[in-house]
Amino acid sequence: MSQKTPRNFFKPLAIGAPEPMRDLPVKIERMIHFVPPHLDKVRAKVPDMAPKVDVILANLEDAIPADAKDAARAGAIEMANMYDWQGKGTGFWSRVNPLNSPWFQDDVSELVLKAGHQLDVIMLPKVEGPWDIHFADQYVAQLEAKAGLTRPILFHAILETAQGMSLVEEIALASPRMQGISLGPADLAADRKMKTTRVGGGHPFYRVLEDPHADGSERASVQQDLWHYTIARMVDACRMAGINAFYGPFGDISDLDACEQQFRNAFLLGCAGAWSLHPNQIDIAKRVFSPDPDEVKFARRILEAMPDGTGVAMLDGKMQDDATWKQAKVIADLADLVAAKDPDLAAAYNN
Ligand SMILES: CC(C)(COP(=O)(O)OP(=O)(O)OC[C@H]1O[C@@H](n2cnc3c(N)ncnc32)[C@H](O)[C@@H]1OP(=O)(O)O)[C@@H](O)C(=O)NCCC(=O)NCCSC(=O)C[C@](C)(O)C(=O)O
Ligand SMILES: [Mg+2]
């Protein structure tokens, strides 16, 4: 497989385009909050919502009707100027239409040329392979040069096709712009021909049955996680590439408990955040993707017990060593980031 040389991997893909980042900005992205930019009433909420979330995403793709694509794009550009994104630290992203759609070129060119200074991340849907990232990479570089941007716009891919799943490692490694990957459970289920119309979460048919009982009594069965393999492989691909994995949408807006459970499964498997489709999912993502205060305190005890990160120590009967020190570092560093943005959690982590 042809690979760029390490030195060429970080070369700008257009004369005048900003230098690609060698290290990603360290941010908390516990929830990526989706906004339909064509709805005036919802768009008007952005200045009030922005301080309360980690990322606001102007959605131009699915859930935006074909006859509202131009209005959504114009709304996204308006959103770019509704808040001090770069100054106040809330991420401003946009999900553009698929690369083969009639809207992709206008989405990307107008966003970069008219909102590139405020835009942090372009979310690319239905990514089939590294070639999609390569194409978008050079196209955006050309536009960045034209717009005179000094900071590169990053990419976030959605994992929502069977081919994309089979190439997820190559997608994660395809460009210095890659910032993360989200699971897209609806399109991926359709492409895999999974027999579910749900957007994330479990399914009552997906279970394991215990062995038959001699007395013929009823056999217990337990529902299993449909998304375990997919999320775990996405996490491995992302962490191998030094980027973050995210759980995508949970579609059953009315079922807050199942949403929390799906987010919690993803958090435990290594995801950095999830999408919030509705205001009632924002606090769930905040609660789940912020480290638990007791876990933070225990993690800090591990770091204190082994200041240089090597050796062995016993804490509350649990063996700690170089590996658990690294696990503790992940939790403690995340807690510091969350505390900087969230005074309530800062107090919980330090009392
Ligand atoms: C589901 C919907 C229609 C219910 O919208 P609603 O208005 O019927 O809900 P509501 O409960 O009546 O709304 C209560 C209040 O919240 C507001 N509100 C409602 N939503 C939002 C929001 N997002 N942000 C900010 N405010 C919101 C709404 O305007 C209302 O305000 P009000 O009290 O002042 O009247 C609405 O929440 C919505 O459109 N959410 C975004 C859906 C979306 O973006 N879907 C696409 C992403 S998932 C996907 O693409 C799949 C994937 C990855 O591709 C793949 O797996 O393949
Ligand atoms: Mg989709």
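Here is a walk through this structure, starting with its barrel and ending at its metal ion. Keep in mind that you are looking at a predicted model.

Let's begin with the strands. Eight of them close into a barrel, and going around you meet β1, β2, β3, β4, β5, β6, β9 and β10, in that order, with parallel pairing. As a bit of background, strands of a sheet pair through backbone hydrogen bonds, either parallel or antiparallel. On average, neighbouring strands of this sheet are turned by 25° against each other, ignoring direction.

Now follow part of the ring strand by strand. Start at β6 (residues 178-183), which runs parallel to β9 (residues 244-247) and is joined to β9 by three bridges. If you want a spot to look at, find G180, which stands opposite N244 in β9. From β9, step across to β10 (residues 273-276): this pair is also parallel and has two bridges. Here Y247 faces A274 of β10. And what does β10 pair with at the point where the numbering starts over? Its partner there is β1 (residues 31-35), in the parallel sense and over three bridges. On this seam, H33 sits opposite S276 in β10.

Helices come next. One of them, α4 (residues 69-80), packs on the sheet and touches β1, β2 (55-59) and β3 (91-95). The direction of α4 makes about 155° with that of β2.

Another pair of helices to find is α12 (residues 256-268) and α13 (residues 279-289), whose axes come within 9 Å and cross at roughly 35°. Their crossing is right-handed. Which residues make the contact? On the α12 side they include L256, F263 and F267, and on the α13 side I284, V288 and F289 are among them. Sorted by class, the contact has nine nonpolar residues, two polar ones and three charged ones.

Finally, head for the magnesium ion (ligand 2). Its protein donors are E160, through OE, and D187, through OD, and they lie 1.8 to 2.1 Å from the ion. E160 belongs to the loop between β5 (154-159) and α8 (162-166), while D187 is in helix α10 (residues 185-192), so the two donors tie together parts that are 27 residues apart in sequence. Are these donors buried or exposed? E160 has a relative accessible area of 4%, so this residue is buried. D187, at 23% relative accessibility, counts as partly exposed, because the cut-off for buried is under 20%.

Notes
Residues numbered from 1 in each chain as written. Chains lettered and ligands numbered in written order. Predicted model: local features only at pLDDT ≥ 70, side-chain atom pairs only at ≥ 80, totals over all residues. Heavy atoms only, no water. Donors = N, O, S within 2.8 Å, 3.2 Å for Na, K, Ca; no water. Helix = DSSP H or I, 4+ residues; strand = E, 2+ residues; numbered from the N terminus. Buried < 20%, exposed > 50% of the residue type's maximum accessible area, 1.4 Å probe, protein only. Axes fitted to C-alpha atoms, helices over the stretch in contact; angles between N-to-C directions. Left-handed = near helix turned anticlockwise from the far one by under 90°. Contact = heavy atoms within 4.5 Å. Nonpolar A, V, L, I, M, F, W, Y, C, P; charged D, E, K, R; others polar. Pairing = 2+ DSSP bridges.
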